[in-house]
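Take a look at how two helices pack, how one helix sits among its neighbours, and what the cysteines do. Start with the helix pair.

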Amino acid sequence: MLQSIDARTHEPFGQALPESGADDVNRAVEAAAAASDAWAASPAAARAALLRGLADALEGQREALVPLADRETGLGPVRLNGELDRTAFQLRGFADQVDAGAPYTCTDDPAVAGAPPAGRPRLTRVRVPVGPVAMFSASNFPFAFSVLGGDTASALAAGCPVVVKAHPGHPQLSRAVFELARGVAAAQGLDEGVLQMVQGAGIDVGVQLVRHPLIQAVAFTGSFRGGAALQAEANARPQPIPFYGELGSINPVIALPAALADKGAELAKTLAASIALGCGQFCTSPGVVVVQQDEASQAFVQAFAEALAAQTPHAMLTPGMRKAFDAGVARLTGHEGVKTLVAVDAAPAAVAPTPLLVQTSAERFTASHALREEVFGPAAVVVQVADADEAVRVLKAVGGSLTVTVWGAETAGDEAQRIVRAAMQVAGRVLFSGVPTGVAVTAAQHHGGPWPASTAPFTTSVGYAALDRFLRPVALQDAPAWLLERKGQAC
């Protein structure tokens, strides 16, 4: 059984919910598959109406949902109301994309008389929905990356039914949002298979879902270990399927002397607040800060340490996350050649952790994988480099990241170009001001990156291009008029 736990008192509350068994998973996927053809062939009006209806329903139930989310997560009403707003914004944004024809885009090459290569038949490239999608909810965003989050919204917009694997960290909220969504679908006369949900605390439910032969793609946001294991399951199927996994990131910040000499004190406070935001439980939380050894950079490190020590994060989302954070802290502070600048106070798991800041050399950082592993929580590593060449080596050692932030590259020059080039090679998003926490939902957004940040770096899990993950190209050669008249809408 799944039991909700009060995030502040750590006492159980509410009725325990049954975990989904193999039969439940099978029924959910079969229902999604039964609805798949009709939803794939649905016009823009039907898809947009569902997405906007879901957004309206979320907002309409705000007064009930936000307190429930707060009790299960302890994230507070301000953060959770903002996240609910973001979720509704995403749903309506994908509805606008559907209205604009994004899922139905097609490319038409008219016939040219003669034999190839000069001649050709008429070819029309369209995209078809892949079919039922398994969506794994995240722990740290109980609305925006959960039952009706961006993965669900983008898959529905693409014309794919969704089977949600709810996160066990907020089971009551997940059930409430799912029931709300079912009501919207029923009111619009849609097949209930368009959106299904399964729940379970262990790995069995997720593995069964990925292995099910009717599931055609997986969207996952979570830990590296869990995502890598599920990707292996997706690849081991008799019919391997796409696995779109966002696995976390250490999000390097390259602080060049030019920026720190100008406004180092201000940047120190901004960066410290970003690391402590949400108790560091964001996939874009800065985990590595690269500085040179000049006077301005060293003054920045001191100001940064003072600002981070003054931060007061809230408690972590679950005891399991706190345990993993403590293990990461021990790994970093016990590593040879690492100096602790801000230490984590010894405290029970129920108490919010103080942030951690350690410092090491570029040589040690690039040589040790342990220093490059994500610590999911308010922690960061300062890496001291001698010059731009060492900064580039640090970025290459990271291998793959959701973001890289480069401060001080406003003026073109060899040093800036080499660092920016390296940043673009390892990250899905490169920032030149501000901090990486906060991911805008827009057409130009890319939230992904080379392994180990994500399993599919050519795709995004945030922004309107996310629906492209669930549409497969098909070329129609000399298609009949009735099919072309559908203008990219599946038949």
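In helix α13, residues A388, D389, A391, V392, L395 and K396 touch E415, R418, I419, A422, A423, Q425 and V426 of α14. Contact here means heavy atoms within 4.5 Å. By class, this contact has eight nonpolar, one polar and four charged residues. Ala, Val, Leu, Ile, Met, Phe, Trp, Tyr, Cys and Pro count as nonpolar, Asp, Glu, Lys and Arg as charged, and the others, Gly among them, as polar.

This is a predicted model: local features need pLDDT of at least 70, side-chain atom pairs count only at pLDDT 80 or more, and totals for chains, interfaces and linings use all residues. Residues are numbered from 1 along each chain as its sequence is written, and side-chain values use heavy atoms, leaving out hydrogens and water.

Two packed helices are described by the angle between their axes and the distance between the axes. For α13 (residues 388–398) and α14 (residues 414–426), the angle is about 0° and the axes lie 9 Å apart. The two are therefore roughly parallel (angles under 35 degrees).

Now turn to helix α7, residues 204–211. Its residues V205, G206, V207, L209 and V210 are buried (under 20% relative accessible area, 1.4 Å probe, protein chains only). They pack against α1, β5, β6, β7, β8 and α8.

How many disulfides does the whole structure hold? Zero, taking a disulfide as a pair of cysteine sulfur atoms within 2.5 Å. C160 has its closest cysteine sulfur in C491, 15 Å away and so too far for a bond. For C279 the closest is in C283, also too far at 15 Å. C160 is buried at 0% relative accessibility. C279 is buried at 0% as well.

Key
Buried < 20%, exposed > 50% of the residue type's maximum accessible area, 1.4 Å probe, protein only. Axes fitted to C-alpha atoms, helices over the stretch in contact; angles between N-to-C directions. Helix = DSSP H or I, 4+ residues; strand = E, 2+ residues; numbered from the N terminus. Parallel < 35°, antiparallel > 145°, perpendicular 65-115°, else oblique.
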